[in-house]
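Morning, everyone. One structure today, in a few minutes. Please have a look at it before I start.

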Amino acid sequence: MVIHDRSYARWESDRSKPVRATWVIMDRGVTTAFAQIFKRKLLGQLLSFWAFGPFLFAVGLLYAGFYLRSNQESFGDAFAALQQTDLLAQVTPSAQTVWQYFMEVQIWVCLVITVVVGAGLIAEDRRVNALEMYLSRPLAVWQYVLGKLAIIAFFLALVTVIPVCLLITLQAFLDGFEAEETARLADLMLRSVVVGALYVGVLSILILAVSALSRRARNASILWVGLIVMVEGVLSSNLQANFLSPSTQLMSLYFNLSHCAAWVLGNETVLAANAGVSVGDSAMVLGAWCALALTVLLRRIRPVEIVA
Amino acid sequence: MTDAPGASSAAPVLELDGVEVRYGKHSALSDVSVSIQGGAVGLLGPNGAGKSSLIKTMLDLVPLHRGTARVLGVPVGRHSALLRRRIGYMQERDAAFPGMTGFQATWYAGRLSGMPDADARRRAHEVLLFAGMEEARYRLVSTYSTGMRQRIKLAQALVHDPDLLFLDEPTNGLDPQGRSEMLELVRTLAVDKGIHVILSSHLLRDVEEVCNSVVVLRGGRMVRHASVEELQAATEDAYQVVISGSMDDFRAACQGLGLTVREVKETQLELMLKPQVSVRTVFEAALKSRAIIRRLAPVRVSLEDALIDVLGGR
């Protein structure tokens, strides 16, 4: 093949502007992950339906409730019937429903997302020796980690925090921004964002650390799911209640997350059920997990692998 | 401010003073001091000589244990991000951004180097065309042949138009035609485009074809920094000779005529001839010692070994 020098020209530009590497990595990562999910159309549609089905159901129900209540002359019986089913109470934003949305409704979707999107984020880069390519560019290790963290955090937030915030906003609209209710919803939204940040942050950093431990996305997925199943299975509520002391629940990621989330949201029902363990201990355990994950990330993400 | 990256146009491309690099207890580079003005420079040495470690140190991927280093006038270890915007690096290992086409990978490399989106797209097309990848640019990199992967790595190293290009074994795994094309590209960059090139190779011929000066490393130490012409003048040819007759007399005759006898077995010895010495001298030695030459054949000594011999590395 003849080599034609017909295109190379010097690039004149200002190189002093800072590189937004974190944004570039996140942008590309999110696009690639969407493409991967929707490469198999059916899988993409099923996952979307699973992830956003409960949210759309809640939106529909809230609007239906609002419509029926507004037209009580015509649909008075229907509104009463709807109230009797307790369905409206289950989707109306409150400390209890928000906690349920995070910890019961979306937890499995989040687990699937961490496997599908998160497990390969660093493992694949390590498999194809891309770390050296990244880190020989003008970006630091923390920017790389933050970029990868932002990818998985985006997807987790997309199915948890964002729907919750939208539901609260919708409720405020349907209530006509009545002062007392709006204040309650604003407080709830703030607490939900804090819970979301904790939830998304902890899950993201843990799956990223697991991903950094392997050179294959599949192996990282197996390790992640295995850890979750083993720990959560051993500490399942029946076994826990009958044989183990309450403090052993601190080993459970789910327990610690739900405990902290309940405390932030002010969910007294859950707090009362977990009375044997203090929220501070749960928060400390989560902090320790995150510190361990960060250590793993910083040890694993190196441009040059040194073999002793 | 002399340390600022922008104020270094007249400074040497590389300036190393007593550089030592360690991987744990293992010393990869020891007391390396050299000043390279620019152009195309070859890093030569056998495997494990420290060529890749030197490049990685200059990119601030590996920390300096001792000594100081400046690249394009900028101290290594400070302003790393700004410095890397002016450096292109083509690594030795097979590497790719996962799940991307050739165009996407090149564009992404440009974006990571701080290029605006539109510029990165335009430059990606340009450098892919330059690297001869225009027809394969929309294929996944994972489907590329070894030669194409080398070209895409070169395109990624060039996309942000660096002032200095580090090429670590760019002809690895290439067939003769691919190797020749790759070297042609590198020569074009160095000669026509004014990009400083540091080419690391264990193949003297690659360096000979592209570079105007050479830094020779061995065991983590710098053995020599000289122009290619100087080194070529000093290189000796090796010949294997099998004779009938007195081996001692023949060896003495060879040494008397200024030939270096490197290795002797029963009826066979290895001679080193300086470039200006003709093979005819061997026959003269045979005539003098009444020996009969049964076989005279050039020995294919690895080029870097011969080079290091000349430089007194052994």
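In chain B, the C-alpha centres of domain 1 and domain 2 are 42 Å apart. Domain 1 of chain B runs over 14-231, and domain 2 over 236-298. Keep in mind that this is a predicted model.

Now the interface. How many residues of each chain are in contact? It's 35 from chain A and 56 from chain B. Together the two chains bury about 4300 Å². Of that area, 55% is on carbon and sulfur atoms. Three residues to find on your screens: Tyr8(A), Trp11(A) and Arg137(A). They supply 20% of what chain A buries against chain B. No other three residues give more.

Next, the polar side of things. The rule finds 2 salt bridges across the interface of chain A and chain B. One of them joins the side chains of Glu132(A) and Lys56(B), at 3.8 Å from N to O. Polar contacts across this interface come to 12 residue pairs, with both residues at pLDDT 80 or more.

Which helices of chain A each supply at least two residues to the side that touches chain B? They are α1 (21-37), α7 (120-127) and α8 (130-135). The most comes from α8(A), with 5 residues.

Last, the make-up of that side of chain A. By class, 19 of its residues are nonpolar. Another 11 are charged, and 5 are polar.

So, to recap. Chain A meets chain B through 35 residues of its own, and α8(A) gives the most to that side. Over to you for questions.

Terms used: Residues numbered from 1 in each chain as written. Chains lettered and ligands numbered in written order. Predicted model: local features only at pLDDT ≥ 70, side-chain atom pairs only at ≥ 80, totals over all residues. Heavy atoms only, no water. Contact = heavy atoms within 4.5 Å. Buried area = accessible area lost by both parts, 1.4 Å probe. Salt bridge = Lys/Arg side-chain N within 4 Å of Asp/Glu carboxyl O. Polar contact = N/O pair within 3.5 Å; in protein donor to acceptor, adjacent residues only side chain to side chain. Helix = DSSP H or I, 4+ residues; strand = E, 2+ residues; numbered from the N terminus. Nonpolar A, V, L, I, M, F, W, Y, C, P; charged D, E, K, R; others polar. Domains from an automatic or database assignment.
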